[in-house]
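Please open the structure in your viewer and keep the selection tool at hand. This tour proceeds from one selection to the next and states what is found at each stop.

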Amino acid sequence: SRHHYMSRVIGELNLNVAVVDGDISVQRDFYPLLKAPPLREHNLIYTLDHQHTCGDLNVGFAYCQNCASGGRAQWAIDEGLRREGYFCAGEPGEFDGANARFWARSDGAGVTAGPHRWVEWTTARDQKLYSDVVGGSCCGAPQHRLLFPGTYKQVGDSYAFMRQWGSHAGCMTMAAAGGGASGLQTWWHELLMGGNASDGYARAGGPRETVAIATGSLASGWHGTGEGELAGWSGHWSERPPAVAHFVGGGPAGGKVEIMQGLGWWRYEADVAAHAIAEATNKTAGYALPRSFFWPATRRGVLVLAGPAARIDTATSAEYVSAYNERRRWLLRLAVLLQRTAVDPRAPCDAPWVVSDTRTGHRGRGYRGRWYTPGWPWPFDGGVGIVGSKCRYGEAEPNTTGATADCCAPIFGKVAGVRCYETAHPA
(Lines give C-alpha, C1' and ligand atoms only; values in the text may rest on other atoms or scores of the structure.)
Protein backbone atom coordinates (compact mmCIF):
# COMPACT_ATOMS: atom_id res chain seq x y z
CA SER A 1 0.00 0.00 0.00
CA ARG A 2 1.26 3.48 -0.86
CA HIS A 3 0.04 4.66 2.54
CA HIS A 4 2.28 2.08 4.20
CA TYR A 5 5.33 3.58 2.50
CA MET A 6 4.06 7.11 3.08
CA SER A 7 3.99 6.40 6.83
CA ARG A 8 7.45 4.81 6.75
CA VAL A 9 8.96 7.83 4.98
CA ILE A 10 7.47 10.13 7.63
CA GLY A 11 8.39 7.95 10.59
CA GLU A 12 11.83 6.72 9.56
CA LEU A 13 13.20 9.51 7.36
CA ASN A 14 11.31 12.62 8.51
CA LEU A 15 10.81 13.63 4.90
CA ASN A 16 7.87 15.34 3.24
CA VAL A 17 6.11 12.88 0.94
CA ALA A 18 3.44 12.96 -1.78
CA VAL A 19 1.44 10.04 -3.16
CA VAL A 20 -0.66 10.09 -6.34
CA ASP A 21 -3.13 7.72 -7.99
CA GLY A 22 -2.34 5.95 -11.24
CA ASP A 23 -5.07 7.92 -13.02
CA ILE A 24 -3.40 11.27 -12.33
CA SER A 25 -1.44 13.34 -14.84
CA VAL A 26 0.92 15.92 -13.32
CA GLN A 27 0.86 18.90 -15.66
CA ARG A 28 3.29 21.19 -13.85
CA ASP A 29 5.25 21.53 -10.62
CA PHE A 30 2.74 21.56 -7.77
CA TYR A 31 5.25 22.26 -5.00
CA PRO A 32 5.15 26.08 -5.33
CA LEU A 33 1.45 25.97 -4.37
CA LEU A 34 2.15 23.68 -1.42
CA LYS A 35 5.00 25.87 -0.15
CA ALA A 36 3.13 29.19 -0.41
CA PRO A 37 0.31 30.56 1.78
CA PRO A 38 -2.11 29.20 2.76
CA LEU A 39 -1.05 25.55 2.28
CA ARG A 40 2.43 25.92 3.75
CA GLU A 41 0.81 26.37 7.16
CA HIS A 42 -0.79 22.91 7.04
CA ASN A 43 0.49 19.36 7.29
CA LEU A 44 -1.71 16.65 5.77
CA ILE A 45 -3.12 17.83 2.44
CA TYR A 46 -5.75 16.09 0.32
CA THR A 47 -8.26 17.01 -2.35
CA LEU A 48 -11.99 16.75 -1.71
CA ASP A 49 -14.69 14.54 -3.13
CA HIS A 50 -17.70 16.84 -2.85
CA GLN A 51 -17.96 19.17 0.16
CA HIS A 52 -15.29 20.83 2.31
CA THR A 53 -15.51 18.55 5.34
CA CYS A 54 -12.92 16.28 6.94
CA GLY A 55 -15.06 13.25 6.09
CA ASP A 56 -15.34 13.88 2.33
CA LEU A 57 -11.79 13.41 1.07
CA ASN A 58 -10.44 12.25 -2.23
CA VAL A 59 -7.20 10.42 -1.43
CA GLY A 60 -5.99 10.19 -5.02
CA PHE A 61 -3.56 12.97 -4.11
CA ALA A 62 -2.04 13.25 -0.64
CA TYR A 63 0.89 15.26 0.70
CA CYS A 64 2.37 15.36 4.20
CA GLN A 65 4.75 18.21 4.99
CA ASN A 66 6.49 18.87 8.30
CA CYS A 67 4.63 15.90 9.74
CA ALA A 68 6.15 14.75 13.02
CA SER A 69 7.23 11.14 13.41
CA GLY A 70 4.50 9.56 15.54
CA GLY A 71 2.43 12.73 15.26
CA ARG A 72 -1.22 13.30 14.50
CA ALA A 73 -0.93 13.20 10.71
CA GLN A 74 1.06 9.96 10.75
CA TRP A 75 -1.46 8.52 13.21
CA ALA A 76 -4.28 9.19 10.71
CA ILE A 77 -2.34 7.40 7.96
CA ASP A 78 -1.58 4.45 10.25
CA GLU A 79 -5.13 4.22 11.55
CA GLY A 80 -6.36 3.96 7.96
CA LEU A 81 -3.93 1.11 7.37
CA ARG A 82 -5.03 -0.59 10.62
CA ARG A 83 -8.69 -0.36 9.67
CA GLU A 84 -8.04 -1.63 6.18
CA GLY A 85 -6.25 -4.71 7.48
CA TYR A 86 -8.91 -5.28 10.13
CA PHE A 87 -11.87 -4.82 7.78
CA CYS A 88 -10.41 -6.81 4.90
CA ALA A 89 -9.36 -9.77 7.08
CA GLY A 90 -12.99 -10.69 7.72
CA GLU A 91 -12.17 -12.73 10.81
CA PRO A 92 -14.97 -15.18 11.78
CA GLY A 93 -17.18 -13.74 14.49
CA GLU A 94 -15.86 -10.22 14.00
CA PHE A 95 -18.42 -8.87 11.52
CA ASP A 96 -20.63 -11.88 10.71
CA GLY A 97 -23.51 -13.50 12.50
CA ALA A 98 -25.83 -12.58 15.35
CA ASN A 99 -23.04 -11.98 17.91
CA ALA A 100 -20.50 -10.12 15.76
CA ARG A 101 -17.92 -8.46 18.03
CA PHE A 102 -17.70 -5.26 15.95
CA TRP A 103 -21.43 -4.68 16.49
CA ALA A 104 -21.60 -5.78 20.15
CA ARG A 105 -22.00 -2.32 21.72
CA SER A 106 -24.39 -1.09 19.03
CA ASP A 107 -26.53 -4.23 19.16
CA GLY A 108 -26.50 -4.18 22.97
CA ALA A 109 -27.86 -0.64 23.00
CA GLY A 110 -30.62 -1.59 20.55
CA VAL A 111 -29.25 0.77 17.91
CA THR A 112 -28.53 -2.02 15.40
CA ALA A 113 -29.58 -5.65 15.13
CA GLY A 114 -28.11 -8.77 13.55
CA PRO A 115 -27.50 -11.12 12.03
CA HIS A 116 -24.71 -9.20 10.31
CA ARG A 117 -22.85 -10.07 7.13
CA TRP A 118 -19.22 -9.18 6.39
CA VAL A 119 -18.77 -6.75 3.48
CA GLU A 120 -15.97 -8.36 1.51
CA TRP A 121 -15.62 -5.75 -1.24
CA THR A 122 -16.69 -2.21 -2.01
CA THR A 123 -15.63 0.54 -4.40
CA ALA A 124 -13.13 3.22 -3.32
CA ARG A 125 -12.48 1.40 -0.04
CA ASP A 126 -9.32 3.34 0.89
CA GLN A 127 -10.99 6.68 0.17
CA LYS A 128 -13.96 5.83 2.39
CA LEU A 129 -11.68 4.53 5.13
CA TYR A 130 -9.49 7.63 5.22
CA SER A 131 -12.49 9.95 5.06
CA ASP A 132 -13.88 8.20 8.14
CA VAL A 133 -10.51 8.26 9.94
CA VAL A 134 -9.76 11.93 9.24
CA GLY A 135 -13.37 12.87 9.98
CA GLY A 136 -13.02 11.15 13.37
CA SER A 137 -9.72 12.90 14.05
CA CYS A 138 -11.33 16.28 13.37
CA CYS A 139 -14.17 15.42 15.77
CA GLY A 140 -12.07 13.71 18.43
CA ALA A 141 -14.02 10.45 18.37
CA PRO A 142 -14.09 7.28 16.23
CA GLN A 143 -16.28 7.61 13.19
CA HIS A 144 -17.85 5.19 10.72
CA ARG A 145 -19.94 6.88 8.07
CA LEU A 146 -18.87 5.87 4.58
CA LEU A 147 -17.61 2.38 5.25
CA PHE A 148 -18.90 -0.27 7.62
CA PRO A 149 -17.19 -3.69 7.55
CA GLY A 150 -20.52 -5.47 7.85
CA THR A 151 -24.19 -4.99 7.06
CA TYR A 152 -26.66 -4.04 9.77
CA LYS A 153 -30.34 -3.51 10.35
CA GLN A 154 -30.89 -0.20 12.04
CA VAL A 155 -33.48 -0.25 14.82
CA GLY A 156 -34.61 2.12 17.52
CA ASP A 157 -33.61 5.76 17.61
CA SER A 158 -31.77 6.92 14.47
CA TYR A 159 -30.19 9.77 16.47
CA ALA A 160 -28.55 7.22 18.76
CA PHE A 161 -27.06 5.59 15.66
CA MET A 162 -25.69 8.96 14.49
CA ARG A 163 -24.23 9.72 17.90
CA GLN A 164 -22.49 6.36 18.15
CA TRP A 165 -21.07 6.22 14.64
CA GLY A 166 -20.68 9.94 13.87
CA SER A 167 -22.93 9.78 10.84
CA HIS A 168 -23.93 13.45 10.77
CA ALA A 169 -21.01 15.11 12.51
CA GLY A 170 -21.01 18.90 12.23
CA CYS A 171 -17.57 18.94 13.86
CA MET A 172 -16.09 17.87 10.53
CA THR A 173 -16.78 21.23 8.88
CA MET A 174 -13.54 22.87 7.81
CA ALA A 175 -12.64 26.56 7.94
CA ALA A 176 -11.84 28.49 4.78
CA ALA A 177 -8.13 29.16 4.34
CA GLY A 178 -8.19 31.53 1.37
CA GLY A 179 -5.86 31.17 -1.59
CA GLY A 180 -8.24 32.48 -4.23
CA ALA A 181 -5.60 34.74 -5.82
CA SER A 182 -3.59 31.68 -6.86
CA GLY A 183 -6.65 29.86 -8.21
CA LEU A 184 -6.93 27.71 -5.08
CA GLN A 185 -9.92 26.81 -2.99
CA THR A 186 -8.68 25.65 0.43
CA TRP A 187 -10.13 24.63 3.80
CA TRP A 188 -8.55 23.24 6.97
CA HIS A 189 -9.16 21.69 10.39
CA GLU A 190 -7.00 20.72 13.36
CA LEU A 191 -6.27 17.01 13.81
CA LEU A 192 -7.16 15.96 17.36
CA MET A 193 -6.38 12.26 17.52
CA GLY A 194 -3.18 10.28 18.03
CA GLY A 195 -1.42 8.05 20.52
CA ASN A 196 -1.45 4.30 20.97
CA ALA A 197 -4.65 3.58 22.86
CA SER A 198 -5.85 -0.02 22.73
CA ASP A 199 -8.90 0.98 20.71
CA GLY A 200 -6.79 3.04 18.31
CA TYR A 201 -8.05 6.38 19.60
CA ALA A 202 -6.69 8.83 22.16
CA ARG A 203 -6.61 12.58 22.41
CA ALA A 204 -3.31 13.63 20.91
CA GLY A 205 -0.55 15.47 22.67
CA GLY A 206 2.61 16.65 20.96
CA PRO A 207 2.83 19.24 18.18
CA ARG A 208 -0.35 20.69 16.75
CA GLU A 209 -0.99 19.38 13.22
CA THR A 210 -3.71 20.13 10.71
CA VAL A 211 -5.40 18.64 7.66
CA ALA A 212 -6.24 20.78 4.64
CA ILE A 213 -8.01 20.17 1.36
CA ALA A 214 -7.33 22.12 -1.79
CA THR A 215 -8.91 22.21 -5.25
CA GLY A 216 -8.80 24.44 -8.30
CA SER A 217 -5.36 25.18 -9.69
CA LEU A 218 -3.62 22.61 -7.46
CA ALA A 219 -5.80 19.58 -8.16
CA SER A 220 -9.13 18.98 -9.88
CA GLY A 221 -11.04 15.91 -11.02
CA TRP A 222 -12.41 15.16 -14.45
CA HIS A 223 -15.99 15.02 -13.17
CA GLY A 224 -15.51 18.23 -11.16
CA THR A 225 -17.98 17.36 -8.40
CA GLY A 226 -15.82 18.87 -5.64
CA GLU A 227 -16.39 22.46 -4.59
CA GLY A 228 -14.01 24.81 -6.40
CA GLU A 229 -12.83 22.22 -8.94
CA LEU A 230 -12.12 22.99 -12.59
CA ALA A 231 -13.98 20.15 -14.29
CA GLY A 232 -12.05 18.41 -17.04
CA TRP A 233 -15.08 17.80 -19.19
CA SER A 234 -15.71 21.52 -19.45
CA GLY A 235 -12.93 21.51 -22.06
CA HIS A 236 -10.71 24.01 -20.22
CA TRP A 237 -8.00 21.48 -19.39
CA SER A 238 -6.67 21.84 -22.93
CA GLU A 239 -5.73 25.46 -22.18
CA ARG A 240 -5.24 25.73 -18.42
CA PRO A 241 -5.17 22.38 -16.65
CA PRO A 242 -4.68 22.05 -12.89
CA ALA A 243 -1.21 21.11 -11.69
CA VAL A 244 -2.58 17.70 -10.67
CA ALA A 245 -5.23 16.47 -13.12
CA HIS A 246 -7.16 13.54 -11.66
CA PHE A 247 -9.21 11.50 -14.11
CA VAL A 248 -11.71 10.39 -11.48
CA GLY A 249 -15.09 10.10 -13.25
CA GLY A 250 -13.40 9.61 -16.63
CA GLY A 251 -14.50 5.99 -16.98
CA PRO A 252 -18.19 6.69 -17.73
CA ALA A 253 -17.13 9.59 -19.98
CA GLY A 254 -15.54 7.27 -22.52
CA GLY A 255 -12.49 5.93 -20.69
CA LYS A 256 -9.61 7.48 -18.74
CA VAL A 257 -6.89 6.38 -21.16
CA GLU A 258 -8.95 7.55 -24.14
CA ILE A 259 -9.43 10.98 -22.56
CA MET A 260 -5.71 11.26 -21.74
CA GLN A 261 -4.93 10.47 -25.37
CA GLY A 262 -7.49 13.00 -26.57
CA LEU A 263 -5.78 15.68 -24.50
CA GLY A 264 -2.40 14.63 -25.88
CA TRP A 265 -1.16 13.71 -22.39
CA TRP A 266 -0.69 9.96 -22.78
CA ARG A 267 2.94 8.84 -22.83
CA TYR A 268 3.22 5.95 -25.28
CA GLU A 269 6.39 4.77 -23.57
CA ALA A 270 3.91 3.11 -21.20
CA ASP A 271 2.71 0.93 -24.09
CA VAL A 272 6.26 -0.09 -24.94
CA ALA A 273 6.81 -1.08 -21.30
CA ALA A 274 3.45 -2.92 -21.17
CA HIS A 275 4.34 -4.85 -24.32
CA ALA A 276 7.72 -5.83 -22.88
CA ILE A 277 6.06 -7.03 -19.67
CA ALA A 278 3.51 -9.07 -21.62
CA GLU A 279 6.24 -10.62 -23.76
CA ALA A 280 8.39 -11.51 -20.75
CA THR A 281 5.65 -12.80 -18.45
CA ASN A 282 2.96 -13.98 -20.88
CA LYS A 283 0.49 -11.98 -18.79
CA THR A 284 -1.92 -9.26 -19.86
CA ALA A 285 -0.74 -5.67 -19.55
CA GLY A 286 -2.63 -2.45 -20.23
CA TYR A 287 -2.24 -0.80 -23.61
CA ALA A 288 -3.46 2.39 -25.22
CA LEU A 289 -2.16 1.44 -28.66
CA PRO A 290 -3.82 -1.50 -30.40
CA ARG A 291 -1.95 -4.77 -29.91
CA SER A 292 -1.49 -4.97 -33.68
CA PHE A 293 0.92 -2.03 -33.44
CA PHE A 294 3.50 -4.48 -32.07
CA TRP A 295 2.86 -7.33 -34.50
CA PRO A 296 5.70 -8.04 -36.97
CA ALA A 297 3.27 -7.79 -39.90
CA THR A 298 2.21 -4.23 -39.01
CA ARG A 299 5.43 -2.67 -37.77
CA ARG A 300 5.87 -0.45 -40.79
CA GLY A 301 4.29 2.48 -38.94
CA VAL A 302 0.88 4.10 -38.93
CA LEU A 303 -1.62 5.15 -41.58
CA VAL A 304 -3.17 8.61 -41.13
CA LEU A 305 -5.76 10.19 -43.41
CA ALA A 306 -4.82 13.83 -44.18
CA GLY A 307 -6.30 16.74 -46.11
CA PRO A 308 -9.92 17.77 -46.73
CA ALA A 309 -11.08 14.15 -46.86
CA ALA A 310 -9.99 13.69 -43.25
CA ARG A 311 -12.83 15.92 -42.03
CA ILE A 312 -16.20 14.30 -41.42
CA ASP A 313 -18.94 16.94 -41.50
CA THR A 314 -22.41 15.86 -40.42
CA ALA A 315 -25.42 17.62 -38.96
CA THR A 316 -26.15 15.11 -36.21
CA SER A 317 -24.13 12.89 -33.91
CA ALA A 318 -25.87 9.76 -35.22
CA GLU A 319 -24.80 10.64 -38.77
CA TYR A 320 -21.28 11.29 -37.51
CA VAL A 321 -21.04 7.89 -35.79
CA SER A 322 -22.21 6.15 -38.98
CA ALA A 323 -19.79 8.05 -41.23
CA TYR A 324 -16.95 7.67 -38.74
CA ASN A 325 -17.35 3.91 -38.49
CA GLU A 326 -17.46 3.58 -42.26
CA ARG A 327 -14.24 5.63 -42.52
CA ARG A 328 -12.69 3.50 -39.78
CA ARG A 329 -13.51 0.26 -41.59
CA TRP A 330 -12.03 1.58 -44.84
CA LEU A 331 -8.86 2.74 -43.10
CA LEU A 332 -8.49 -0.56 -41.30
CA ARG A 333 -8.73 -2.57 -44.52
CA LEU A 334 -6.22 -0.31 -46.24
CA ALA A 335 -3.86 -0.44 -43.25
CA VAL A 336 -3.88 -4.26 -43.33
CA LEU A 337 -2.88 -4.19 -47.00
CA LEU A 338 -0.07 -1.71 -46.29
CA GLN A 339 0.98 -3.55 -43.10
CA ARG A 340 0.44 -0.48 -40.95
CA THR A 341 -1.70 0.51 -37.95
CA ALA A 342 -4.71 2.65 -38.85
CA VAL A 343 -5.18 5.94 -36.95
CA ASP A 344 -8.67 7.22 -36.22
CA PRO A 345 -9.83 10.44 -37.92
CA ARG A 346 -10.14 13.55 -35.79
CA ALA A 347 -13.49 15.20 -35.11
CA PRO A 348 -14.36 18.78 -36.14
CA CYS A 349 -14.37 20.95 -33.01
CA ASP A 350 -17.11 23.16 -34.45
CA ALA A 351 -19.49 20.32 -35.36
CA PRO A 352 -23.13 21.29 -34.78
CA TRP A 353 -23.76 18.12 -32.77
CA VAL A 354 -21.19 19.00 -30.09
CA VAL A 355 -23.16 19.74 -26.92
CA SER A 356 -23.33 23.41 -25.95
CA ASP A 357 -22.75 24.41 -22.34
CA THR A 358 -26.20 26.01 -22.39
CA ARG A 359 -27.77 22.59 -22.87
CA THR A 360 -25.84 21.17 -19.93
CA GLY A 361 -27.06 23.96 -17.65
CA HIS A 362 -23.54 25.40 -17.35
CA ARG A 363 -23.81 28.44 -19.61
CA GLY A 364 -20.49 30.25 -19.87
CA ARG A 365 -18.44 27.52 -18.18
CA GLY A 366 -17.69 25.33 -21.20
CA TYR A 367 -14.63 25.89 -23.37
CA ARG A 368 -15.57 28.23 -26.25
CA GLY A 369 -19.24 27.73 -25.40
CA ARG A 370 -19.11 23.94 -25.80
CA TRP A 371 -19.13 21.10 -23.29
CA TYR A 372 -16.57 18.88 -24.87
CA THR A 373 -17.33 15.50 -23.33
CA PRO A 374 -21.00 15.12 -22.49
CA GLY A 375 -20.39 12.08 -20.32
CA TRP A 376 -21.59 11.34 -16.81
CA PRO A 377 -23.78 12.80 -15.38
CA TRP A 378 -25.06 13.53 -18.90
CA PRO A 379 -25.37 10.54 -21.24
CA PHE A 380 -23.59 10.65 -24.56
CA ASP A 381 -25.84 12.16 -27.20
CA GLY A 382 -25.93 9.68 -30.06
CA GLY A 383 -23.04 7.80 -28.49
CA VAL A 384 -20.28 10.33 -29.19
CA GLY A 385 -18.59 13.35 -27.61
CA ILE A 386 -15.24 15.03 -28.20
CA VAL A 387 -12.09 15.81 -26.22
CA GLY A 388 -10.36 19.07 -27.09
CA SER A 389 -6.62 19.59 -27.00
CA LYS A 390 -3.82 21.68 -28.45
CA CYS A 391 -2.00 20.04 -31.34
CA ARG A 392 0.32 20.84 -34.24
CA TYR A 393 -1.41 18.73 -36.86
CA GLY A 394 -5.08 19.71 -36.92
CA GLU A 395 -6.89 17.48 -39.42
CA ALA A 396 -3.68 15.41 -39.82
CA GLU A 397 -2.17 18.06 -42.09
CA PRO A 398 1.61 18.57 -41.83
CA ASN A 399 2.71 21.58 -39.78
CA THR A 400 6.33 22.63 -39.66
CA THR A 401 5.87 25.95 -37.83
CA GLY A 402 5.42 24.47 -34.36
CA ALA A 403 2.25 26.56 -33.82
CA THR A 404 -0.60 24.87 -31.99
CA ALA A 405 -4.32 25.08 -32.60
CA ASP A 406 -7.48 23.60 -31.15
CA CYS A 407 -8.11 20.07 -32.34
CA CYS A 408 -10.57 17.46 -31.19
CA ALA A 409 -10.73 13.70 -30.89
CA PRO A 410 -13.99 11.77 -30.83
CA ILE A 411 -14.79 9.78 -27.72
CA PHE A 412 -17.52 7.19 -27.42
CA GLY A 413 -19.69 5.74 -24.72
CA LYS A 414 -18.87 2.13 -23.91
CA VAL A 415 -21.33 -0.62 -24.83
CA ALA A 416 -21.18 -3.87 -22.87
CA GLY A 417 -19.99 -6.78 -24.99
CA VAL A 418 -18.89 -4.60 -27.92
CA ARG A 419 -15.22 -4.38 -28.92
CA CYS A 420 -13.86 -1.50 -30.97
CA TYR A 421 -11.80 -1.83 -34.11
CA GLU A 422 -8.05 -2.22 -33.65
CA THR A 423 -7.08 1.33 -34.54
CA ALA A 424 -4.86 3.95 -32.92
CA HIS A 425 -6.10 7.12 -31.28
CA PRO A 426 -5.65 10.32 -33.36
CA ALA A 427 -3.47 11.83 -30.58
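Begin with the enclosed spaces: the structure holds two cavities of 30 Å³ or more. On a 1 Å grid over the protein atoms alone, a cavity is a set of points where a 1.4 Å probe fits but cannot get out, and lining residues have an atom within 4 Å of a point. Grid points are joined across faces, edges and corners, and a volume is the space filled by probe spheres set on the points.

Before selecting anything, note that this is a predicted model, in which local features need pLDDT of at least 70, side-chain atom pairs count only at pLDDT 80 or more, and totals for chains, interfaces and linings use all residues. Residues are numbered from 1 along each chain as its sequence is written, and side-chain values use heavy atoms, with hydrogens and water left out.

**The largest cavity**

Select Thr47, Asn58, Gly221, Glu229 and His246. Of the 15 residues that line the largest cavity, these are the closest to its centre. The space inside amounts to about 80 Å³. Strands β3, β4, β10 (219–221) and β11 (244–246) are the elements that give two or more residues to this lining. Here, helices (H or I, at least four residues) and strands (E, at least two) are DSSP runs, numbered from the N terminus. The lining of the largest cavity comprises six nonpolar, seven polar and two charged residues. In this division, Ala, Val, Leu, Ile, Met, Phe, Trp, Tyr, Cys and Pro count as nonpolar, Asp, Glu, Lys and Arg as charged, and the others, Gly among them, as polar.

**The six-stranded sheet**

Next, select residues 44–48 and 57–64, which are strands β3 and β4; they run antiparallel and are joined by five bridges. Two strands pair if DSSP finds at least two bridges between them. Leu48 has Leu57 of β4 as its bridge partner.

Now extend the selection to the whole open sheet, whose six strands follow the order β1-β4-β3-β9-β8-β7 with mixed pairing. At its edges are β1 (17–20) and β7 (175–178), each of which pairs on one side only. From one strand to the next, the twist averages 30°; the axes behind such angles are lines fitted to C-alpha atoms, for helices over the stretch in contact, and angles run from 0 to 180 degrees between N-to-C directions.

Within the edge strand β7, select Gly178. Is Gly178 buried or partly exposed? With a relative accessibility of 40%, Gly178 counts as partly exposed; buried means under 20% relative accessible area, exposed over 50%, and partly exposed in between (1.4 Å probe, protein chains only). Add Pro37 to the view: the C-alpha atoms of Gly178 and Pro37 are separated by 8.6 Å, although the two residues are 141 residues apart along the chain.

**The three-stranded sheet**

Return to β10 and β11, which also belong to an open sheet of three strands in the order β2-β11-β10, again with mixed pairing. The edge strands are β2 (24–26) and β10, each pairing on one side only. In this sheet the twist averages 20° from one strand to the next. Three bridges connect β2 and β11, which run antiparallel. Select Ile24 to see that it stands opposite His246 in β11.

**The second largest cavity**

Select Trp222, Gly232, Gly235, Ser238, Leu263, Tyr367, Tyr372, Thr373, Val387 and Gly388, which line the second largest cavity. About 50 Å³ of space lies within it. Its lining consists of five nonpolar and five polar residues, with no charged ones.

Then select strand β14 (residues 384–391). Seven of its eight residues are buried, so the strand is largely enclosed by the rest of the structure. Strand β15 (residues 405–412) pairs with β14 in the antiparallel sense over eight bridges. One partnership to display is that of Gly385 with Ile411 in β15.

**Aromatic residues**

Finally, show the rings, among which there are 27 aromatic pairs. Rings of Phe, Tyr and Trp (its six-membered ring) pair if their centres lie within 6.5 Å; planes under 30 degrees apart count as stacked, over 60 as edge-to-face and the rest as tilted. Select Phe148 and Tyr152, an edge-to-face pair at 5.3 Å centre to centre, with 65° between the planes. Phe148 counts as buried at 12% relative accessibility, whereas Tyr152 is partly exposed at 33%. Both residues belong to one aromatic cluster that also includes Tyr86, Phe87, Phe95, Phe102, Trp103, Phe161 and Trp165.

Technical notes:
1 Å grid on protein atoms, 1.4 Å probe; cavity = no way out; pocket = protein on both sides within 12 Å on 5 of 7 lines; lining within 4 Å.
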